[in-house]
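Thanks for making time this morning. Please have the sequence and the model open while I talk.

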Amino acid sequence: MPTEQVKSTTHTNDWTDEEERAVLWKLDTRLVPFLAVLYLLSFLDRANIGNARIAGLEEDANLSSSEFNWIISIFFVGYCTFEIPSNLMLRIVPPAKWISFIMVTWGFVLMGMAFCKSFWSLFFMRLLLGAAEAGLFPGIVYLTGSWWKKEEVATRAALYYGGYF
């Protein structure tokens with residue numbers, strides 16, 4: 001009876017440890033700083049509304065303190081509402097393209113916020129801003145998971161997450 005050869009389903013590396021380290025170094029020096037800058041901008045944008053208040057946003061847009069609180073809070077409504085649909089989009093659109101789309105949308109929303117002069121325009125734009133930013137962090141985590149091994153992802157996530165300190 002002939003013996004059947006069973007092909008191994010495990011992946012064998014066709015590269016050396018030095019080549020793997022070189023590729024990881026390139027990823028670490030090129031992708032992680034970029035992701036850290038994206039996350040920094042996201043964090044700054046989220047927190048910058050307090051600086052706008054100090055600079056006179058309430059007076060310029062004729063906002064009461066409760067309206068200003070609504071403008072702060074509505075961001076998180078958009079963020080929480082659109083985080084799951086954004087995660088589902090990562091199954092359809094490659095993460096690099098999805099993050100690019102998020103960043104372009106985010107930029108347009110921020111440019112639109114410059115023209116807001118009333119409560120409702122700020123309310124709507126902050127809601128859109130939350131929707132635009134909702135997919136950034138999950139998209140970055142998904143992107144890092146596709147480039148690094150699972151035991152390496154946590155270190156890279158700590159680097160870009162802590163990049164704004």
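I will go through confidence, the core, a few residues in one helix, the salt bridges, and then two surface features.

This is a predicted model. Mean pLDDT for the chain is 84, with 90% of the residues at 70 or more. Confidence peaks in α6, at a mean of 94, and is lowest in α8, at 82.

Now the core. In soluble globular proteins, nonpolar side chains tend to be buried together. Here the largest nonpolar core has 39 residues. Which members touch the most others? They are Leu35, Leu63, Ile99, Leu122, Leu136, Trp148 and Tyr160. As for the elements, α1, α4 (65-89), α5 (95-113), α6 (119-133), α7 (136-147) and α8 (150-161) each give two or more residues to this core.

Take two of those well-connected members. Tyr160, leaving out residues up to four places away in sequence, touches Val32, Leu35, Ala36 and Tyr39, and also Phe137, Ile140, Val141 and Thr144. Ile99 sits in helix α5. With the same sort of neighbours left out, up to four places away in sequence, Ile99 touches Leu38, Leu136, Gly139, Ile140 and Leu143. Ile99 has a relative accessible area of 6%, so it counts as buried. For orientation, the C-alpha atoms of Ile99 and Ala132 are 10.0 Å apart, with the two positions 33 residues apart in sequence numbering.

Two other residues of α5 are worth a look. Pro95 is in that helix, and it is buried because its relative accessibility is 12%. Outside its neighbours within four places in sequence, Pro95 contacts Leu90, Gly139, Tyr142 and Leu143. From Pro95 to Ile49 the C-alpha separation is 28 Å, the two being 46 residues apart along the chain.

Trp98 is also found in α5. Buried or exposed? At 12% relative accessibility, Trp98 counts as buried. Its contacts beyond four places in sequence are Ser86, Met89, Leu90 and Val93. Asn87 is eleven residues from Trp98 in sequence, and their C-alpha atoms are 9.9 Å apart.

On to charges. Side chains of opposite charge can pair when their charged atoms come close. How many salt bridges does a search of the whole structure find? It finds three.

One of them joins Lys149 and Glu20, at 2.7 Å from N to O. This pair links distant parts of the chain: Lys149 is in the loop between α7 and α8, Glu20 is in helix α1, and they are 129 residues apart. Lys149 is partly exposed, with a relative accessible area of 40%. Glu20, at 16%, counts as buried.

Another pairs Asp28 with Arg156, with the closest N and O atoms 2.8 Å apart. Here too distant parts of the chain are linked, Asp28 being in helix α1 and Arg156 in helix α8, 128 residues apart. Asp28 is partly exposed, at a relative accessible area of 22%, while Arg156 counts as buried at 10%.

The remaining salt bridge is between Glu58 and Arg53, and its closest N and O atoms are 3.0 Å apart. Glu58 has a relative accessibility of 14% and so counts as buried. Arg53 is partly exposed, at 31%.

Last, the surface. Val37, Leu41 and Leu44 form a nonpolar patch there, and together they have about 250 Å² of accessible area. Leu41 is in helix α1, which runs over residues 17-47. Why is Leu41 called partly exposed? Because its relative accessible area is 42%, and partly exposed covers values between 20% and 50%.

The other surface item is Asn62, in the loop between α3 (57-60) and α4. Where does its phi fall? Near 55°, which is positive in a residue other than glycine. Asn62 counts as exposed because its relative accessibility is 65%, and the cut-off for exposed is over 50%.

To recap: a nonpolar core of 39 residues, three salt bridges, a surface patch formed by Val37, Leu41 and Leu44, and a positive phi at Asn62. That is what I have.

How values were computed
Residues are numbered from 1 along each chain as its sequence is written. This is a predicted model: local features need pLDDT of at least 70, side-chain atom pairs count only at pLDDT 80 or more; totals for chains, interfaces and linings use all residues. Side-chain values use heavy atoms; hydrogens and water are left out. Patches are made of residues with over 30% relative accessible area and no salt bridge: like charges are joined within 9 Å, nonpolar side chains (Val, Leu, Ile, Met, Phe, Trp, Tyr) within 5 Å. Accessible areas come from the Shrake-Rupley method with a 1.4 Å probe; for residues, only the protein chains shown count as cover. A salt bridge is a side-chain nitrogen of Lys or Arg within 4 Å of a carboxyl oxygen of Asp or Glu. Helices (H or I, at least four residues) and strands (E, at least two) are DSSP runs, numbered from the N terminus. Buried means under 20% relative accessible area, exposed over 50%, partly exposed in between (1.4 Å probe, protein chains only). A nonpolar core is a set of buried Ala, Val, Leu, Ile, Met, Phe, Trp, Tyr and Cys residues joined through side-chain atoms within 4.5 Å. Contact means heavy atoms within 4.5 Å. pLDDT is the predictor's confidence in each residue, from 0 to 100.
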